[in-house]
Amino acid sequence: MLFFRERPRISLLLLAILLAVLPFLTSGLLGNSWVRLLDFVLLYILLAIGLNLVVGYAGLLDLGYIAFYALGAYFYAWLASPHFGLHLPFWIILPLGTLFAAAFGFILGAPTLRLRGDYLAIVTLGFGEIIRIFMNNLNAPVNLTNGPQGMDLIDPISFGGFAFSGTHTFLDIKVPAIHLYYYLFLAFTLLAILVAYRLQDSRIGRAWAAIREDEVAAAATGINTRNIKLLAFAMGATFGGLAGGLFASFQGFISPESFNLFESIMILCMIVLGGMGHIPGVILGAVLLTILPEALRYIGDLQRAWLGEVIVDPSDLRMLLFGIALVLMMLFRPAGLWPSRQRKRELTAEGEIAAHEQESLHDAQR
Amino acid sequence: MDIFTQQIINGLVLGSIYALVALGYTMVYGILELINFAHGEVTMMGAMVALAVMGAILGVAPNMPGILVVVSGALLAIPACMLLGFAIERVAYRPLRHAPRLAPLITAIGVSIILQNVAMLVWGRQYIPFPEILPKSTFTVFGAHITGLQIFIIVLSALVMSGLWWLVQRTRLGRAMRACAQSREVASLMGVNVNKVISLTFVIGSALAAIAGLMVSAYYGLAHYYMGFMLGLKAFSAAVLGGIGNIAGAMLGGLLLGVIEALGAGYIGDITGGFLGSHYQDVFAFFVLIAVLVFRPSGLLGERVATRA
Amino acid sequence: MRIKIPNLYFFMLVLLAVLTACSKKDSDDGITVVRIGSVSPLTGAQTHIGKDNENGARLAVDEINAQGLTLGGKPVQLELLSEDDAADPKTATLVAQKLVDNSVVAVVGHLNSGTSIPASKIYSDNGVPQVSPSATAVKYTAQGYKTAFRVMANDAQQGAVLGQYAVTKLNAKRVALIDDRSAYGQGLADEVEKAVIAAGGQIVDRQYTSDKATDFAAILTAIKGKSPDLVFYGGMDPQAGPMARQMKSLGLNAQLLGADGMQNINFLKLAGIDAENAIASSPGLTLDVMPGGITFKQNFNARYGDIEVYAPYAYDAVQVIVAAMKRADSFEPAKILAELPKTDYAGVTGQIKFDAKGDILNGAVTLYQVKNGAWVALETIK
């Protein structure tokens, strides 16, 4: 590891090359389904980074984040499918879609400003469910969403006449659409990472941190807590809306069942598992939680290889192992797998004393 | 009018069940400020264990009186759930008491997933029918139908809740619980064994969950490894509506949520002229919840503490 | 703006290692192994019917292997690759891609319309025939994909029969509808509504629930206020069972009518004595009438216990695919695809022929009623 630590430029270059060839490497080694999974990994990284702005930076527990993903997806479908006969290009829809989601971020944020902690959690959860229920039922009296049947034949992303569908050939290299989506999603994800880092070090980011640590003190130092909280919700929603639009174009079909509460919880798990407020940790969490359920499919094959037969059905064990992994991870690394240095110090420094301090602080707050 | 009476009865029965489950959430929250997401799954386990026991008994003695069979199911399910609640707290929550706030939330979700899948492995994927051994009787009150089981559910819930109220307000253990809820540190200085109190809170909450689980499966005639999730969510909403951490609040929130849901499903279509229908039942419930919280941010009976983090 | 590059790089390496560790396996023992995919939810709330579909398909594959299959003069062994889509559209596309990567020649699935539709795009792109045993949304075959088939009457076909039957045969003038807001329940209830009105009946109320609900007291009470002759429920047995019970305890004495999601043994178990007289339809003919139907039932019961819902359709889906293979004398997807539209197969669920879209042609619908705690066939409508 020392080699890379001493040569950051080379490492960055190697990383860039690795990211560039990853889809070809993956499809060669493992098949296209894993490239498709990589695409989903990138989408979930986008979502996790967005939620991290709200939960990790501003400390507002949001259990309805998937609603913004849904709004972005439906917005894309409305403007690029036979449903209303509109087929606008993606570079118009995606910015509008993120604004649309951001507007809903404000709407959600407004009534929740006075709520704290778990009350906020349940209200945001309710908001997420309300959006899903509306999407599921707005096929009558006016058919906006096609209800539970979902919206299909959504246009793929296309640049001019070049559509992200089927397989294209460049310089004798076959490039399926999922590879193209990979690069598109990668570009957006890198942009999102950049934005998230810049935000963290900005005045807004510091204001979020101040609210997270102590809202009363933050207000006393002259931070407009109302605006800053609304901004957190709106910014978070932007990322969700963008990811939703990309998801709709990628899948070509969306239906309300993709946007259920469990998805919100999964995204929350990603950032908590990885290390809240710490971008590399959040990315790690998103990668692990997206890949883990798929990788666990292979326990059936492993059993066949080692024991000669499938004793326990892998589909029975998949979610069980996932649950156990969540618990164990939290028990042994409660700050997440890859916490920020500051968090780590808070948690480990002089163990007992810090814990007591933390607790008396906690009690004093009540 | 009889339709309206019927809807109120429907709501009260549903609300009693919500309230009973909500108590478990609210007790744990009151002391630990932790959303015990796995509580819904403990309810499910209660139903499953009770059904398994009842099935076994009926296999041996098919002519045993129905009520006796159900009671013996309950007598095994309750301690099983108590043990489960104790174990969950020891394994998943206690080591994380000083961890960041969200860590125990994630273990709670993890425990939920584990319990669901264990139940699926043990009892299978099918919906398990509740044996038809309880006598069926229907009464008519003001033109509305109410079954013996429904009356029993309402009465039992009321009894359990008053018992809990008595326990918390009038006993030594209750005083220790209230002390821990106010400040664990000071309570321990006053000679309260905080760990023991917390364990007991989980054990009592789980016993209530077992009773609720058995009642749910008897009332709806089925049990399923997935049944705890939605029930838990609704009950948790009820606890928040009433003011989480407050026992009377959980009862009020549960009953209110039940009645709101029933009236919402029953009348929303007529009120809006068919524009919105009973598919917006949950929207209606969540909307009321949000409205209440906007005006009373700590729930109906919650303490009015401005800086409750 | 400090990214710790070494750590990130290290983690990418770990990721790659993980990826390679689970790389795919190869299998060959002299006999050509031909893979058929089966997809259904094997986790989540619909697990029990998902497993049922898988079992139906597996029974067919095992029987065909036991008889021996020869294609192009070579012995061929079928292998069923069963995957879990968790009833989730996103997972469905991942699984579809995985099956395509594992070069399956055809796919039996998916169980739900909501998963079959997004997956159908991937199968279509890769030319893999897809025969769904149980996706009934009209849209599934209406997208214009040449690879999408189904062996069950769609919502429009079944809904039309049910609505007509309710008004003309059951003499229901005032009909109330309930659906579970799933793609299946809502699609079916919409079609029943049209058919009831077309036959001269009146829709007095329409109520909604969810596919996770257990409490229907409120909506049933509202329906009771409209005093209907008949209540149609579009949804599955876990809701229909308690619904039948709650109708009785509320004193709502209308006829309960349902569709294939309810016409199964679970409904009988869950509703208990309150199931009596309920009527439900099922696409196709009764197992007892069809050649091989009774043998299928016996074999299935011996291996997996009771049939949940759609296992016979999954069984037929495999048989239809293999029949197409035999006619093509090949297991190449393109050749199977060319033969599938010509299907004319006597399956355990009825005579299977496809129309131009891939829907089942002139699918019969059989109506059943609960009598003395068992489903009894009333009549078959063609």
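## Where chain B meets chain C

Chain B and chain C together bury about 2,800 Å², and carbon and sulfur atoms account for 59% of that area. On chain B, the three residues that supply most are R125(B), Y127(B) and Y220(B): they provide 22% of the area that chain B buries against chain C, more than any other three residues. Please keep in mind as you look around that this is a predicted model.

How many residues take part in this contact? On the chain B side there are 33 residues, and they are in contact with 35 residues of chain C. Between chain B and chain C there are 0 salt bridges, while 9 residue pairs are in polar contact, with both residues at pLDDT 80 or more. Several elements of chain B give two or more residues to the side that touches chain C: α1 (2-32), β1 (128-129), β3 (144-147), α8 (194-220) and α10 (247-271). Of these, α1(B) gives the most, with 5 residues. Sorted by class, the side of chain B that touches chain C has 16 nonpolar, 13 polar and 4 charged residues.

## The two domains of chain C

Let us stay with chain C and look inside it. The domain assignment splits chain C into domain 1, made of 32-153 + 289-363, and domain 2, which covers 156-283. Taken over C-alpha atoms, the centres of these two domains of chain C are 29 Å apart. Their contact takes 15 residues from domain 1 of chain C and 15 residues from domain 2 of chain C.

What area is buried between the two domains of chain C? The value is about 1,200 Å², with carbon and sulfur atoms giving 50% of it. The count of salt bridges between domain 1 of chain C and domain 2 of chain C is 0, and 5 residue pairs are in polar contact across this interface, both residues being at pLDDT 80 or more. On the side of domain 1 of chain C that touches domain 2 of chain C, the classes are 9 nonpolar, 4 polar and 2 charged residues.

## The two domains of chain A

Chain A is also assigned two domains: domain 1 (1-28) and domain 2 (31-280). Between them, 7 residues from domain 1 of chain A and 12 residues from domain 2 of chain A make up the contact. The centres of the two domains of chain A, taken over C-alpha atoms, are separated by 28 Å.

Domain 1 of chain A and domain 2 of chain A bury about 790 Å² between them, 71% of it on carbon and sulfur atoms. Which classes of residue does domain 1 of chain A bring to the side that touches domain 2 of chain A? That side has 5 nonpolar, 2 polar and no charged residues. Across the interface of these domains of chain A there are 0 salt bridges, and 4 residue pairs are in polar contact, both at pLDDT 80 or more.

## A pair of rings in chain A

Over all chains, the structure holds 34 aromatic pairs. One of them joins F40(A) and F250(A): the ring centres lie 5.4 Å apart and the planes stand at 70°, so the pair is edge-to-face.

Where do these two residues sit along chain A? F40(A) belongs to helix α3 (residues 32-57) of chain A and F250(A) to helix α10 (residues 225-251) of chain A, so the pair ties together parts that are 210 residues apart in sequence.

Methods: Residues numbered from 1 in each chain as written. Chains lettered and ligands numbered in written order. Predicted model: local features only at pLDDT ≥ 70, side-chain atom pairs only at ≥ 80, totals over all residues. Heavy atoms only, no water. Domains from an automatic or database assignment. Contact = heavy atoms within 4.5 Å. Buried area = accessible area lost by both parts, 1.4 Å probe. Salt bridge = Lys/Arg side-chain N within 4 Å of Asp/Glu carboxyl O. Polar contact = N/O pair within 3.5 Å; in protein donor to acceptor, adjacent residues only side chain to side chain. Nonpolar A, V, L, I, M, F, W, Y, C, P; charged D, E, K, R; others polar. Helix = DSSP H or I, 4+ residues; strand = E, 2+ residues; numbered from the N terminus. Phe/Tyr/Trp six-rings, centres within 6.5 Å; stacked < 30°, edge-to-face > 60°.
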